[in-house]
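Let's take a walk through this model together, with an eye on charged side chains and where they sit. Keep the viewer open and follow along.

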Amino acid sequence: MAKKEKTPPPSQGNKFQKPKNTKATFTRLLGYLGKSKFMLFFVFIFVAFSALAGIIGTSFIKKITDEFLMPIIGSEITGELLAPLVKILISLAIIYVLGTISSYAYSRIMLQVAQKTLNIIRKDLFDHMMDLPIKFFDTHTHGELMSRYTNDADVLRECISQSFVQLVSSVVTVVGTFSMMVYFSPLLTVFVIVMLVAAFFIIKALGARSAKYFRMQQKCVGEVNGYIEEYIEGLKVVKVFCHEDNAKSDFAVINGNLRHAATNANTYASILMPIMGNISYISYAAVATLGSLIIMAVPKDSFFSLTVGSLFAFLIYTKQFFQPITQISQQFNSIIAALAGAERIFEIIDTPIEEDEGYVTLVNAKKLPNGEIVECEERTGIWAWKHPHSDGTLTYTEWQGDVRFHDVTFSYDGKKTVLKNVSLYARPGEKIAFVGSTGAGKTTITNLINRFYDVDEGKITYDGINIKKIKKSELRRSMAMVLQDTHLFTGTVRDNIAYGKLDATDEEIVAAAKLANADSFITRLPDGYDTMITGDGANLSQGQRQLLSIARAAVADPPVLILDEATSSIDTRTERLIEKGMDKLMEGRTVFVIAHRLSTVRNSNAIMVLENGEIIERGDHDDLIAQRGKYYQLYTGQFELD
């Protein structure tokens, strides 16, 4: 099988290396979360109540210690003394139970918020991808793009459902705890603040390094996914050429990059907790020592005086104060990783979509007795181009399939010219064939007809209309393509044929299959036309997949047909069997054919021989044979296509 011409420029690696804007990404993510603001309102209420329950509960320690425990030391315990204590303990139990219920409630609600948010983001991402130009997918690996839907989305989901809530809870706890600490002992609070400042600088230093490596980790994950997908799809080629060792060594490099980034990211993230924990323990011990000295040395009526109960409560608040700060440092890394993933997703969503300045549309039409073309609602089998003009008038041009190139020059990358001043015409019903070496520009011509890419110079007209004036969706609806690389979707054989015309009847589907000579093998399948196709047609042969692709084009019934090595995957015997069906399919249509098998283009109205982006010979088969030029050499075997 001939090697297919590679139209796009090679990918230059990961394209998402723009400067990061954490603030903008965070603001944008909040915008998505804002679509669940009613649920978030209750989340914040439950989070605040859960945090305050712990703070309020701790304040009871002072009362229990000073009013009940201290007075009964060395005294006889009676029911009269225990009754008020029991009431306080019951109140305390109720507060903690309500706090636990609140924690459960906000966790459940936040899970729903996370799934709803991810659902919207994935939909926006997929919808936007469907509108991106072909060039974008030519320059990005599938694995790299899939990483947005899997790894990046999963990190983002975990952050929304857990980290954001923990962050809010920690902030409420820190503010509430700090207020209670100031209330119990301003002097001890000042000492704790000094320790907190030291912790802050540590968090800032480690957090900056952690953020850098988390962003690198997300990038490396995309590269690993892209490499794995590429080599799984091409595993047969790898084995045929015995390149397993090379593949392993290359994978080891990019996998090592991921290990390096992930190790550094998680190392800096993991050491935050023990550092903060040790600062917490030091503060706890220092506060206990300093508090005890205050109790013994400071008079009870002094502003800085402290009771045993106040010291007990303050010590618990000290633990509560540093614990959420430790959690904040942990959640900070999780949020940084999520923002890196969100930024990668938003970079795709922000990629400019395929531009379409066209305004000419395709409509149902009918021809009046005087020959005038007018628009109508019902289907008549006649189509027309509806062309609005600046003065408000409308003109209708009958849809025929007249395609012409006028001095077209084109380059994929703006550097290497692929087509040079190409001019050609294809009248309605004519079959135009392109032959030439790989890279000569054959497939590029078909890409330009569909406006997968736009010409740099010159123009292409369709029924006399510059195709830039035609809406891309309408332009492509008027054509059908059969590619060398077939693609089938998960579904039945019937569904895949009907993809060319979604409202096709069963009769039309069967007729298209018979036209492509696919009906015979379809009826031999276990469930006939209802046989399920999975894995891009893994349960069919390459030739059978190609036949279904031809049937899909046949059911679309377009006036223009493009066959890009359409029979390359079909053996010679099968090719002969479908020749008549293909002739029927091409009858009355403008057809562009790219083929390495010159026997398939002999009956073409015109054959264009391309070399280095230029048409060096043109004419029908007999004319070109008589010229005894490049085509003659190819046909007689004196020169072979590469």
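K367 is a good place to start: with a relative accessible area of 46%, this lysine is partly exposed. Keep in mind as you look around that the model is a predicted one. Which residue does the side chain of K367 meet in a salt bridge? The partner is E398, with 3.2 Å from N to O. E398 is partly exposed as well, at a relative accessible area of 25%. K367 belongs to strand 1 (residues 361-367) and E398 to strand 4 (residues 394-398), so their pairing ties together parts that lie 31 residues apart in sequence.

Side chains of opposite charge can pair when their charged atoms come close. A search of the whole structure turns up 18 salt bridges, so there are others to visit.

Move on to K386, which forms a salt bridge with E375; their closest N and O atoms are 3.4 Å apart. Here the lysine sits in strand 3 (residues 382-388) and the glutamate in strand 2 (residues 373-375), so this pair ties together parts that are eleven residues apart in sequence. Both ends are partly exposed: K386 has a relative accessible area of 25%, and E375 has 35% relative accessibility.

Now find K630 and E611, whose salt bridge brings the closest N and O atoms to 2.8 Å. This one joins a helix to a strand: K630 lies in helix 18 (residues 630-636) and E611 in strand 15 (residues 606-611), so the pair ties together parts that are 19 residues apart in sequence. Is K630 buried or exposed? At 16% relative accessibility, K630 counts as buried, because the cut-off for buried is under 20%. E611, at 22%, counts as partly exposed.

Salt bridges can also be followed through a network, and E354, K472 and R476 are linked in one.

For a last stop, stay with strand 15 but step into the loop between strand 14 (590-594) and strand 15, where you will find A595. This alanine is buried, at 6% relative accessibility. What does A595 touch, leaving aside its neighbours within four places in sequence? Its contacts are F434, V435, E565, T600 and V601. You can also look from A595 towards K442: the two are 153 residues apart in sequence, yet their C-alpha atoms are 9.3 Å apart in space.

How values were computed
Residues are numbered from 1 along each chain as its sequence is written. This is a predicted model: local features need pLDDT of at least 70, side-chain atom pairs count only at pLDDT 80 or more; totals for chains, interfaces and linings use all residues. Side-chain values use heavy atoms; hydrogens and water are left out. A salt bridge is a side-chain nitrogen of Lys or Arg within 4 Å of a carboxyl oxygen of Asp or Glu. Helices (H or I, at least four residues) and strands (E, at least two) are DSSP runs, numbered from the N terminus. Buried means under 20% relative accessible area, exposed over 50%, partly exposed in between (1.4 Å probe, protein chains only). Contact means heavy atoms within 4.5 Å.
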